[in-house]
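Welcome! Take a moment to turn the model around on your screen, and then we can walk through some of its parts together.

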Amino acid sequence: MLHLLGSHYYFRRTIPHALRPLLGRTEIFLSLQTNSKRVARERAAGLYARTGQFFSKAKVMYEDASPEELRKLIALYQDIMRDTDRMIKSEDERVKAERTYEQARFYFDKMQSLKQLQEFIKISNDGIDRLMAGFKKLHATATKD
């Protein structure tokens, strides 16, 4: 069901013998477009469930289906494949958006820390300036006396 080829995972499922002539293939083999095993498992599980439902429905229909019903069945199969691609793309977009949000949050927090540091440095410099002015006064007073 789940195969790692190179750095990406793929979904693989054998098509039941009775449906092979209808679909013109012996298996479904699709890229899950991820190198994350966790993400691949989630995507493969959803795809496995959807293809299982399709196979169950197709077996019942295929035995005494009219040409029109077979066309509908093939269209359903194609819809499943298209929906799978759309689902994977939208999942990828969601993950990218989450990463972008996390990066923005990280930089925002860094900016807040820098602002606090700048404020601390400003207050410290003001204090040092007052201290230096006090030392100068003290020095001037000490040299007069």
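## The largest pocket

In this predicted model, the largest pocket is lined by Gln 33, Thr 34, Asn 35, Ser 36, Arg 38, Val 39, Arg 43, Asp 92, Val 95, Lys 96 and Arg 99. Two elements each give two or more residues to that lining: helix H2, which covers 37–62, and helix H3, which covers 67–144. The largest share comes from H3, with four residues.

How much space lies in the largest pocket? About 180 Å³. If you sort the residues of its lining by character, you will find five charged, four polar and two nonpolar.

## A look along helix H3

Helix H3 deserves a visit of its own. H3 is built from 78 residues, and 114 Å separate its first C-alpha from its last. That is close to the 116 Å expected at 1.5 Å a residue.

Which residues are buried in H3? They are Leu 73, Tyr 77, Ile 80, Met 81, Thr 84, Ile 88 and Glu 91.

## The largest nonpolar core

Next comes the largest nonpolar core, which has 20 residues. Ile 28, Leu 32 and Phe 54 are the ones that touch the most other members. At least two residues of this core come from each of these elements: strand S2 (8–14), helix H1 (20–23), strand S3 (27–31), H2 and H3. Here H2 provides the largest share, six residues.

Leu 32 is a good residue to click on. Not counting residues up to four places away in sequence, Leu 32 touches Leu 2, Tyr 9, Tyr 10, Phe 11, Ala 40, Arg 43, Ala 44, Leu 47 and Ile 88. One of these, Arg 43, also lines the largest pocket, while Ile 88 is among the buried residues of H3.

## Thr 84 up close

Let us finish with a single residue, Thr 84, which is found in helix H3. Why does Thr 84 count as buried? Its relative accessibility is 1%, and the cut-off for buried is under 20%.

Leaving aside neighbours within four places in sequence, Thr 84 is in contact with Leu 30, Leu 47 and Arg 50. Leu 47 is also touched by Leu 32. For a sense of scale, try finding His 139: Thr 84 and His 139 are 55 residues apart in sequence, and their C-alpha atoms are 81 Å apart in space.

Note on methods. Residues are numbered from 1 along each chain as its sequence is written. This is a predicted model: local features need pLDDT of at least 70, side-chain atom pairs count only at pLDDT 80 or more; totals for chains, interfaces and linings use all residues. Side-chain values use heavy atoms; hydrogens and water are left out. On a 1 Å grid over the protein atoms alone, a cavity is a set of points where a 1.4 Å probe fits but cannot get out, and a pocket is an open set with protein on both sides within 12 Å along at least five of seven lines; lining residues have an atom within 4 Å of a point. Grid points are joined across faces, edges and corners, and a volume is the space filled by probe spheres set on the points. Ala, Val, Leu, Ile, Met, Phe, Trp, Tyr, Cys and Pro count as nonpolar, Asp, Glu, Lys and Arg as charged, and the others, Gly among them, as polar. The expected span of a helix is 1.5 Å times one less than its number of residues. Buried means under 20% relative accessible area, exposed over 50%, partly exposed in between (1.4 Å probe, protein chains only). A nonpolar core is a set of buried Ala, Val, Leu, Ile, Met, Phe, Trp, Tyr and Cys residues joined through side-chain atoms within 4.5 Å. Contact means heavy atoms within 4.5 Å.
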